[in-house]
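Could you walk me through this model in my viewer, one selection at a time? I would like to know what to click on next and what I will find there.

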Amino acid sequence: MYYELYIDLFFAENFMMDSLLLLFAARISKRQVKRKRIFLGAVAGSLLTCLVIALPIPSAALKMILFHGFVNVFMLKAGLGVNWGRDLVYAWILLYVSGFLLGGAMMVFRPYIQSLSLFFLLAVGSYYLLLKVWELITAFSRQKDFQCTVLVSCKGRTLKLQALIDSGNSLRDAQSGKPVHIVGRQAIRGLWKDEPVTGLRYVSYHSVGRENGIMPLLELDRMKILRRRGNETETITIDRPLVAVCEEEKVTEQYDIILNLDN
């Protein structure tokens, strides 16, 4: 049994896959690399792969070492410009993770692809699909960095609230210039109970679907923000914080209060 290998098609497929893998690895590692260099690295990797295939090397183990060691390391150095040491090991691992993800995405449809052009189209489509999935995963993981617990105190009462630090909240009190946090009605009822609210003021805001809205503005006694930093908890105390009361019971289904980043 023998196989016929068309070296031009083999080179074209490898160049496409190497280019996408390098692009994906660069995006994940947030390396600022020009695409021209990435494509040149893919060309070098594909040429070396073809060379290893063509050479009469009797040892399969030696070929594996050349493929996964020399060829890929050279391609990473040429395409991404990584340094020797930890950076190179990290990039090498990313290359194989990218290959595993991209190969898995293509495996579903590859048996039905007969032409090289459709293969290229599938490869590019799988690349952009993986990018979107990666962006969603990254956005979800980053959201946890903006979640925290808040202890609000007023009228001798203290409530524990789930909070979100939102860069989109830029509310400020027109009189004092202090930043304003947004809280739901449920939390305010828990603090004030049946006591009358005095000294009530209002703050204007703009949001999607509402250009000129207003919310009641209240001053609390104290607010403690408990935020996880690795294995430690960072505590930020704010005296006399201002909160705007929205119309809903909770600001969102998950959060009781939205914090202002300016604090």
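Here is a tour that begins with the whole chain and then moves from one selection to the next.

**The whole chain**

Before you select anything, keep in mind that this is a predicted model. Show the chain as a cartoon and you can look for six helices and nine strands. The protein has 263 residues, and 37% of them are buried. Switch on a surface and you are looking at about 16600 Å² of exposed area, with carbon and sulfur atoms supplying 60% of it. Contacts also reach along the chain: of those with a separation of 6 or more, 64% are between residues 24 or more positions apart.

**Stop 1: Asp173**

Select Asp173, in the loop that runs between strand E2 (157-166) and strand E3 (180-183). Is Asp173 buried or exposed? With a relative accessibility of 4%, Asp173 counts as buried, because the cut-off for buried is under 20%.

Now show what surrounds Asp173. Leaving aside residues up to four places away in sequence, Asp173 touches Lys178, Val180, Arg201, Leu217 and Leu242. Closer along the chain, add Ser176: its side chain and that of Asp173 are joined by a polar contact of 2.7 Å.

**Stop 2: Arg201**

Keep Asp173 on display and add Arg201. Which kind of link do the side chains of Arg201 and Asp173 form? They meet in a salt bridge, at 2.9 Å from N to O. This pair links distant parts of the chain, with Arg201 in strand E4 (residues 201-207) and Asp173 in the loop between E2 and E3, 28 residues apart. Colour the two by accessibility and you will see that Arg201 is partly exposed at 27%, while Asp173 is buried at 4%.

As background, side chains of opposite charge can pair when their charged atoms come close. The structure holds six salt bridges, and the next two stops visit others among them.

**Stop 3: Arg240 and Glu219**

Select Arg240 and Glu219, whose side chains form a salt bridge of 2.9 Å, N to O. Arg240 sits in the loop between strand E7 (232-239) and strand E8 (242-245), and Glu219 belongs to strand E5 (residues 210-219), so the salt bridge ties together parts 21 residues apart in sequence. Arg240 is partly exposed, with a relative accessible area of 38%, and Glu219 is partly exposed too, at 37%.

**Stop 4: Asp239 and Arg222**

Move to Asp239 and add Arg222. Their salt bridge has its closest N and O atoms 3.2 Å apart. Asp239 is in strand E7 and Arg222 in strand E6 (residues 222-229), so this pair ties together parts 17 residues apart in sequence. Asp239 has a relative accessible area of 48% and is partly exposed; Arg222, at 37%, is partly exposed as well.

Before moving on, select Asp221 together with Glu219 and Arg240: salt bridges that share partners join these three into one network.

**Stop 5: a nonpolar patch**

For the last stop, select Val89, Trp92, Ile93 and Val97. What do these residues form on the surface? They make up a nonpolar patch, with about 330 Å² of accessible area together. Zoom in on Trp92, which you will find in helix H4 (residues 86-107). Trp92 has a relative accessibility of 31% and counts as partly exposed.

How values were computed: Residues are numbered from 1 along each chain as its sequence is written. This is a predicted model: local features need pLDDT of at least 70, side-chain atom pairs count only at pLDDT 80 or more; totals for chains, interfaces and linings use all residues. Side-chain values use heavy atoms; hydrogens and water are left out. Helices (H or I, at least four residues) and strands (E, at least two) are DSSP runs, numbered from the N terminus. Buried means under 20% relative accessible area, exposed over 50%, partly exposed in between (1.4 Å probe, protein chains only). A polar contact is a pair of N or O atoms within 3.5 Å; within protein, one must be able to donate a hydrogen and the other to accept it, and residues adjacent in sequence count only if both atoms are side-chain atoms. Contact means heavy atoms within 4.5 Å. A salt bridge is a side-chain nitrogen of Lys or Arg within 4 Å of a carboxyl oxygen of Asp or Glu. Accessible areas come from the Shrake-Rupley method with a 1.4 Å probe; for residues, only the protein chains shown count as cover. Patches are made of residues with over 30% relative accessible area and no salt bridge: like charges are joined within 9 Å, nonpolar side chains (Val, Leu, Ile, Met, Phe, Trp, Tyr) within 5 Å.
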